[in-house]
Amino acid sequence: MKIMKVVSSSLTIPFRGTLKNPFLLSQKSASGILLASFHSDSASNHGHLSVFHKITKLDDALQLFDEMTQTQPMPSVVKFTQLLQAVTKMKHYSCSIHLFKQMLAIGAPVNLYTFNIVIKCCCQMSCTRDGFAVVAYGFRRGVVHNVYTFSTLLNGLILEDRILEAERLFKKLIKQKLCEPNVVMYTTMIKGLCKVGINDTAIALLRLMNKRGCKPNVMTYNTIIDSLCKDEMVDDALKLFNEMIFHKGIVPDVVTYSSLIRGLCYLSRWDDAVKMLREMEDEGISPNVITYNILVDSLCKEGMAEDAQTVLSIMVERGKVPDLVTYNSLIDGYCLRGEMEKAKEIFDLIRMRGLVPNLVSYNSLLNGYCKKLQIDEALHLFHEITENGMNHNVVTYNTLLQGLFRVGRCKDARELFNEIRAHNQISPDAVTYAIVLEGLCYNHRVDEALSLFRMIGENKLNSDIVLYNILVNGASKCGKLDTAKALFNELSIKGLNPNVWTYNVMIGCFGREGLMREAQRLFLQMEGRGCPPNRVTYNVLLQGLLKNKHFDTIEMLLQKMDEQSFSVDASTFSMLIDHISSGSLDDSLLKLIGKLVPKEGKEAAFLPSRYVKGMLLVKQSGSIFENYRNCIRNQFLVHIAKLRYDRQGVPNRRDPPFVKHAK
């Protein structure tokens with residue numbers, strides 16, 4: 001009776017049915033040849049197998065089932081199960097379940113394999129609960145379920161994102177010795193854990209497999225390696241990769257290499273990605289379409305669309321046919337660079353290659369037009385989507401809303417927003433509200449933004465710190481200090497904790513208004529409230545102090561930044577140099593400032609144009625500025641070579657202009 005502790009006895013599925021089958025069609029619609037083959041091969045199981053393999057239409061399967069139920073004696077359980085399997089292969093899952101009920105009603109023979117087919121159908125229809133009921137029903141008929149049955153149920157729970165329930169089931173199966181998990185069951189459970197990012201437990205389960213004498217296969221390792229790469233834990237993935245090859249003797253496949261290449265490319269580890277690609281080909285494993293798509297997409301996201309197109313050419317030369325994913329990545333890549341003509345050429349190429357652009361294709365091109373402020377083209381594309389029989393989604397609306405606000409067409413944007421709210425199938429999400437509120441603030445319509453925010457009512461959006469940050473920032477930049485302070489004070493009433501971005505906005509607001517005592521008070525409060533200042537906080541406060549000529553605490557703040565390894569940004573650096581050159585600050589600070597300039601990364605790349613103001617002090621500062629200038633220049637050149645900005649200097653930014661802080 002142990003099995004009853006696993007399945008829910010309260011979950012039942014009605015198996016009583018009538019002989020009348022609503023799916024059956026008339027005799028005229030059935031394939032006479034197929035039925036004739038069935039009867040002529042009645043003495044041979046192999047003959048029946050060939051008949052079932054010929055079934056490609058549901059009508060024929062249902063007609064054959066009707067014939068079988070009227071045959072005396074009734075065909076064997078093998079033949080009924082083969083027919084059920086044929087219907088399931090055509091993905092007519094609900095029909096398979098109905099036929100199973102009919103078989104039970106007329107007393108047709110069923111066995112474990114029949115039950116497993118029906119359980120799989122339930123799980124594929126996201127009705128795993130019914131699958132458990134079928135298991136319970138089978139148990140009452142004396143059917144002993146096997147590891148395949150429970151693997152199917154486990155996979156069903158995972159498909160429905162019921163990971164905790166899947167884990168409980170897996171543990172019960174082992175603890176109560178209902179079945180000994182095989183490699184398929186272990187891999188299924190590992191897939192579920194990786195699906196929600198519980199990599200540590202997945203690896204622990206891999207170790208348990210080895211301990212219990214179940215040898216993992218390439219799919220088991222691929223599942224964990226792919227999950228680690230998606231979570232940017234590429235070094236851990238590479239360790240597992242080496243373990244798989246050198247300790248377990250498992251040969252990696254194209255999926256293994258593709259996952260690792262994706263992870264390396266995402267972290268811009270191009271040399272390692274190229275090395276992995278070469279190793280892959282040295283092992284005689286050819287990249288597939290997915291591998292090439294990873295390379296194309298990664299290059300496009302780094303602003304290297306021309307290199308991505310070169311990869312596409314190589315892909316074609318090697319006999320791999322680019323798919324819609326390939327072309328969509330290229331469209332997005334050119335849009336990110338602002339090269340809309342090339343993006344449109346790729347978009348038009350999709351149809352020339354016999355493919356049909358999907359909503360992702362349209363949304364990428366729409367985003368490109370909006371970022372280039374080509375709103376008329378964007379609106380034309382927006383209407384073209386519905387003309388081609390597709391429906392807009394919330395991403396489409398959000399993208400166009402951004403564009404309309406960017407060019408100041410607030411009335412059109414509000415009308416579009418009202419259209420979304422009136423839509424029966426699409427609801428505005430948190431990003432939509434963020435775009436609208438910041439768009440209104442961007443166009444100096446803070447009161448209108450506040451009015452909309454109050455209209456949202458008491459729900460989770462009205463208690464979203466991101467939306468509050470947008471309004472506080474908008475009010476402060478429009479000179480509405482009282483409104484910004486009121487919103488900030490409202491947070492404690494709502495039970496919301498200001499985050500570092502909130503504090504940064506308020507400190508900047510006080511700095512612009514010359515209220516440095518209030519700015520410093522907030523700065524000191526942050527640590528005590530569990531929200532330590534970050535690099536931006538220090539820079540904002542320094543800029544306020546320098547602007548308002550409060551020099552007393554400048555050196556202390558710079559020392560604290562040095563202790564925490566924070567760097568000064570371009571604006572702060574320029575202001576410091578200005579005040580040193582005018583004599584307002586002592587030039588002894590130059591050594592300390594030299595330690596705070598960024599030495600690497602994107603931040604360093606944007607400083608060269610800003611440090612020119614300090615060149616008057618190069619002689620006084622000795623080698624500090626010379627070293628600094630050379631360091632920054634080199635980093636700048638490396639950065640440019642890496643990201644390959646276009647001639648207009650369009651950076652590689654994927655964040656929408658109004659919601660980049662929401663991350």
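These legends describe close-up views of one predicted protein model.

The model is predicted, so local features need pLDDT of at least 70 and side-chain atom pairs count only at pLDDT 80 or more, while totals for chains, interfaces and linings use all residues. Residues are numbered from 1 along each chain as its sequence is written, and side-chain values use heavy atoms, with hydrogens and water left out.

**Figure 1. The whole protein holds 37 helices and zero strands.** Helices (H or I, at least four residues) and strands (E, at least two) are DSSP runs, numbered from the N terminus. Of the 663 residues, 49% count as buried. Buried means under 20% relative accessible area, exposed means over 50%, and partly exposed lies in between (1.4 Å probe, protein chains only). A contact means heavy atoms within 4.5 Å. Among contacts between residues at least 6 apart in sequence, 65% join residues at least 24 apart.

**Figure 2. Confidence varies along the chain.** The score pLDDT is the predictor's confidence in each residue, from 0 to 100. Its average over the protein is 82, and 81% of the residues score at least 70. Which element has the lowest mean pLDDT, and which the highest? Helix α1 (residues 3–6) has the lowest, at 34, and helix α13 (residues 218–230) has the highest, at 96. Over residues 1–49 the pLDDT stays under 50, and the model has 89 contacts beyond four places in sequence for this stretch. Residues 601–663 are also below 50, with 110 contacts in the model beyond near neighbours in sequence. Where pLDDT is low, the predicted coordinates should not be read in detail.

**Figure 3. Helices α20 and α21 pack against each other.** Two packed helices are described by the angle between their axes and the distance between the axes. Axes are lines fitted to C-alpha atoms, for helices over the stretch in contact, and angles run from 0 to 180 degrees between N-to-C directions. The axes of α20 (residues 340–352) and α21 (residues 359–371) come within 10 Å and cross at roughly 165°. The two helices are therefore roughly antiparallel. Angles under 35 degrees count as roughly parallel, over 145 as roughly antiparallel, 65 to 115 as roughly perpendicular and the rest as oblique. The crossing is left-handed: the near helix is turned anticlockwise from the far one by less than a right angle, whereas clockwise would be right-handed. From α20, Met340, Ala343, Lys344, Phe347, Ile350 and Arg351 take part. They meet Ser361, Tyr362, Leu365, Gly368 and Tyr369 of α21. By class, this contact has seven nonpolar, two polar and two charged residues. Here Ala, Val, Leu, Ile, Met, Phe, Trp, Tyr, Cys and Pro count as nonpolar, Asp, Glu, Lys and Arg as charged, and the others, Gly among them, as polar.

**Figure 4. Helices α10 and α11 pack at about 150°.** Their axes are 10 Å apart. The pair is therefore roughly antiparallel, and the crossing is left-handed. Helix α10 contributes Ile163, Ala166, Glu167, Phe170, Leu173 and Ile174. Helix α11 (residues 183–195) contributes Met185, Tyr186, Met189, Gly192 and Leu193. The contact has nine nonpolar residues, one polar and one charged.

**Figure 5. Helices α4 and α6 cross at roughly 5°.** Do α4 and α6 run roughly parallel or roughly antiparallel? They are roughly parallel. The axes of α4 (residues 58–70) and α6 (residues 93–106) come within 12 Å. Leu58, Leu62, Phe65 and Thr69 in α4 meet Cys95, Leu99, Gln102, Met103 and Ile106 in α6. Seven residues of this contact are nonpolar, two are polar and none is charged.

**Figure 6. Three loops hold backbone exceptions.** Most residues other than glycine have a negative phi, and most peptide bonds are trans. A cis peptide bond joins glutamine 72 and proline 73, with omega about -5°. Proline 73 lies in the loop between α4 and α5 (77–89). Aspartate 161 has a positive phi of about 60°. Its loop runs between α9 (147–159) and α10 (163–175). Serine 268 has a positive phi near 60°, in the loop between α15 (254–266) and α16 (270–282). Aspartate 161 is exposed, at 52% relative accessible area, whereas serine 268 is buried, at 18%.

**Figure 7. Serine 329 is buried in helix α19.** This helix covers residues 324–336. The relative accessible area of serine 329 is 7%. Not counting residues up to four places away in sequence, serine 329 touches Val296, Asp297 and Cys300.

**Figure 8. Helix α34 (residues 589–596) is largely enclosed by the rest of the structure.** Six of its eight residues are buried. These are Leu589, Leu590, Leu592, Ile593, Gly594 and Leu596.
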